[in-house]
Amino acid sequence: MGEEKIVEERVTDTSLKELSKKLEEFAKARDWEKYHSPRNLLLAMVGEVGELSEIFQWRGEVDKGLPNWEESEKEHLGEELSDVLLYLIRLADICGIDLGDAASKKILKNEIKYPPLKLF
């Protein structure tokens, strides 16, 4: 009794804007905004990409869905992927980039640049 319990809640369909707002509130509550320069956020994200790379470093190719991985390994992968995503969202916000809009526009550009193969 009296213990705080952390309840895991599965959140689906969270928007980039919702994550952005949560990250901004998180940084403000800890007075970390002064450290969130574009350079610092980029370097932190690169560090997290390195941690993500370590997970795959000596595994060779892995099958889609990671069928041979333990649940704990998948959880760790999810955490590292999340770290990269969260730093990317924060970096985009600090730079004044609407990441969702920029990504959508990039997909459209790629559709033009790389049209589907036409089979005859």
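How does Phe 26 count at 39% relative accessibility: buried, partly exposed or exposed? Phe 26 counts as partly exposed, because partly exposed covers the range between under 20% for buried and over 50% for exposed. Keep in mind that these close-ups come from a predicted model.

**Close-up A. Phe 26 and Trp 32 form an edge-to-face aromatic pair.** This is one of two aromatic pairs in the structure. The ring centres are 5.5 Å apart, with 70° between the planes. The pair is called edge-to-face because that label takes planes over 60 degrees apart. Phe 26 belongs to helix H1, which covers residues 16–29. Its partner Trp 32 is partly exposed too, at 37% relative accessibility.

**Close-up B. Phe 26 also has a charge over its ring and a share in a surface patch.** The charged end of Arg 30 sits over the Phe 26 ring, 3.5 Å from the centre. On the surface, Phe 26 joins Trp 32 and Tyr 35 in a nonpolar patch, and together they have about 330 Å² of accessible area.

**Close-up C. Phe 56 and Trp 69 make a tilted aromatic pair.** Here the centres lie 5.4 Å apart and the planes meet at 45°, so the pair counts as tilted. Phe 56 sits in helix H2 (residues 38–56), while Trp 69 is in the loop between H2 and helix H3 (71–94), so the pair ties together parts 13 residues apart in sequence. Phe 56 is partly exposed at 31% relative accessible area, whereas Trp 69 is buried at 9%. Take a look at Arg 59 as well: its charged end sits over the ring of Trp 69, 3.9 Å from the centre.

**Close-up D. Lys 17 and Asp 98 are joined by a salt bridge.** A search of the whole structure turns up six salt bridges, and in this one the closest N and O atoms are 3.2 Å apart. Lys 17 is in helix H1 and Asp 98 is in the loop between H3 and helix H4 (99–113), so the bridge ties together parts 81 residues apart in sequence. Lys 17 is exposed at 57% relative accessibility, and Asp 98 is partly exposed at 38%.

**Close-up E. Two more salt bridges involve Glu 25 with Lys 21 and Asp 31 with Lys 34.** Glu 25 and Lys 21 meet at 2.9 Å, N to O. They are four residues apart in helix H1, so about one helical turn separates them. For Asp 31 and Lys 34, the closest N and O atoms are 3.1 Å apart. Asp 31 is partly exposed, with a relative accessible area of 46%, while Lys 34 is exposed at 55%.

How values were computed. Residues numbered from 1 in each chain as written. Predicted model: local features only at pLDDT ≥ 70, side-chain atom pairs only at ≥ 80, totals over all residues. Heavy atoms only, no water. Phe/Tyr/Trp six-rings, centres within 6.5 Å; stacked < 30°, edge-to-face > 60°. Buried < 20%, exposed > 50% of the residue type's maximum accessible area, 1.4 Å probe, protein only. Helix = DSSP H or I, 4+ residues; strand = E, 2+ residues; numbered from the N terminus. Lys NZ or Arg CZ within 6 Å of the ring centre and 35° of its normal. Patch = residues over 30% accessible without salt bridge, like charges linked within 9 Å, V, L, I, M, F, W, Y side chains within 5 Å. Areas by Shrake-Rupley, 256 points an atom, 1.4 Å probe, with all protein chains shown as cover. Salt bridge = Lys/Arg side-chain N within 4 Å of Asp/Glu carboxyl O.
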